[in-house]
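This report looks at a ligand site and at charged side-chain pairs in one protein model. Please keep the sequence and the coordinates at hand while reading.

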Amino acid sequence: MKVFVSPTPEAAAKLMAQHLARAAQAAIKERGGFSVALSGGSTPKLMYSVLKDLELPWAQVQVYFSDERSVGPDSQDSNYRAAKLGLLDHLSLPAAQVHRIEGERDAHAAAADYAALLPPQLDLVLLGMGDDGHTASLFPDTEGLAASGRVVANWVPKLDTWRVSFTFAEINAARERWLLVTGASKAEVLREVQNGMGGIEGHPVEGVQNGLWYLDSAAAAQLKL
Ligand code: 6PG
């Protein structure tokens, strides 16, 4: 587990944003472009608030999403909407370079169409972790954990809803995987993840290979580092 621990959530988010800008610049210099999948939930908003003001050649960046709820782009629950308000609206990034998951559609159709528009390999997938160990929309004991292909429509019984999510195959096929996890509520699960206690069924984030973890000290409190 390769980990950066910062004193506060804001510092962890700032470090990730700075590293993201640096990685994008290097990729664009080396390969002429950079593709990144943004994660969902609330934690990324801290990172967006820093990233939006960093120097970054956005004209060469393609933005994707690692998962989406079964809602439209204007919903309060939309991961796309959170990224739009927190980051994308502040950038001169052509709309054609932002590829949202169409959460308002049938999840299976939206998943199939999203898989078809992905590049052969993403440069970076950003992820979070729920306090049950889920990541993207791969929740414990759901069928999506075993899905083949690149994007899956995953029924989440405990939320009584469909989600559209990258599969582990897609997540682990990217050049890199970075996870931003903060807050004391994540500390216990992180300790269990570090010890491999839940397995992928119990703590799906254990299925993320060679991840780079950006933590605050509260989330990292029970880790052996
Ligand atoms: C989602 C996310 C999900 C998120 C975790 C952590 O759509 O909810 O993709 O995997 O990253 O639930 O969410 P918080 O950052 O809000 O704790």
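The text below takes up the ligand and its surroundings, and then the salt bridges.

The model is a predicted one, in which local features require pLDDT of at least 70 and side-chain atom pairs count only at pLDDT 80 or more, while totals for chains, interfaces and linings use all residues. Residues are numbered from 1 along each chain as its sequence is written, and side-chain values use heavy atoms, with hydrogens and water left out.

## The ligand site

The ligand is surrounded by 15 residues, the closest being Ser42, Thr43, Arg69, His134 and Ala136; a residue belongs to this group if one of its heavy atoms lies within 4 Å of the molecule. By class, this shell holds two nonpolar, nine polar and four charged residues, where Asp, Glu, Lys and Arg count as charged and Gly is placed among the polar residues.

Polar contacts (pairs of N or O atoms within 3.5 Å) reach oxygen atoms of the ligand from side chains and from the backbone. A polar side-chain atom of Arg69 lies 2.8 Å from a ligand oxygen, a polar side-chain atom of Lys186 is likewise placed 2.8 Å from an oxygen atom of the ligand, and a polar backbone atom of Gly40 is 3.4 Å from a ligand oxygen. Taken alone, the ligand exposes 410 Å², of which the protein buries 87%, with areas from the Shrake-Rupley method and a 1.4 Å probe.

## Salt bridges

How many salt bridges does the model contain? The count comes to twelve, with a salt bridge taken as a side-chain nitrogen of Lys or Arg within 4 Å of a carboxyl oxygen of Asp or Glu. The table gives some of them.

| Pair | Closest N to O distance |
|---|---|
| Asp89 and Lys84 | 3.1 Å |
| Glu102 and Arg105 | 2.8 Å |
| Arg191 and Glu188 | 2.7 Å |

Is Asp89 buried or exposed? Asp89 counts as partly exposed because its relative accessibility is 44%, a value between the limits for buried (under 20% relative accessible area) and exposed (over 50%), with a 1.4 Å probe and protein chains only. Its partner Lys84, at 30% relative accessibility, also counts as partly exposed. In the pair of Glu102 and Arg105, Glu102 is partly exposed with a relative accessible area of 30%, and Arg105 is partly exposed with a relative accessible area of 30%.

Definitions and conventions. A polar contact is a pair of N or O atoms within 3.5 Å; within protein, one must be able to donate a hydrogen and the other to accept it, and residues adjacent in sequence count only if both atoms are side-chain atoms.
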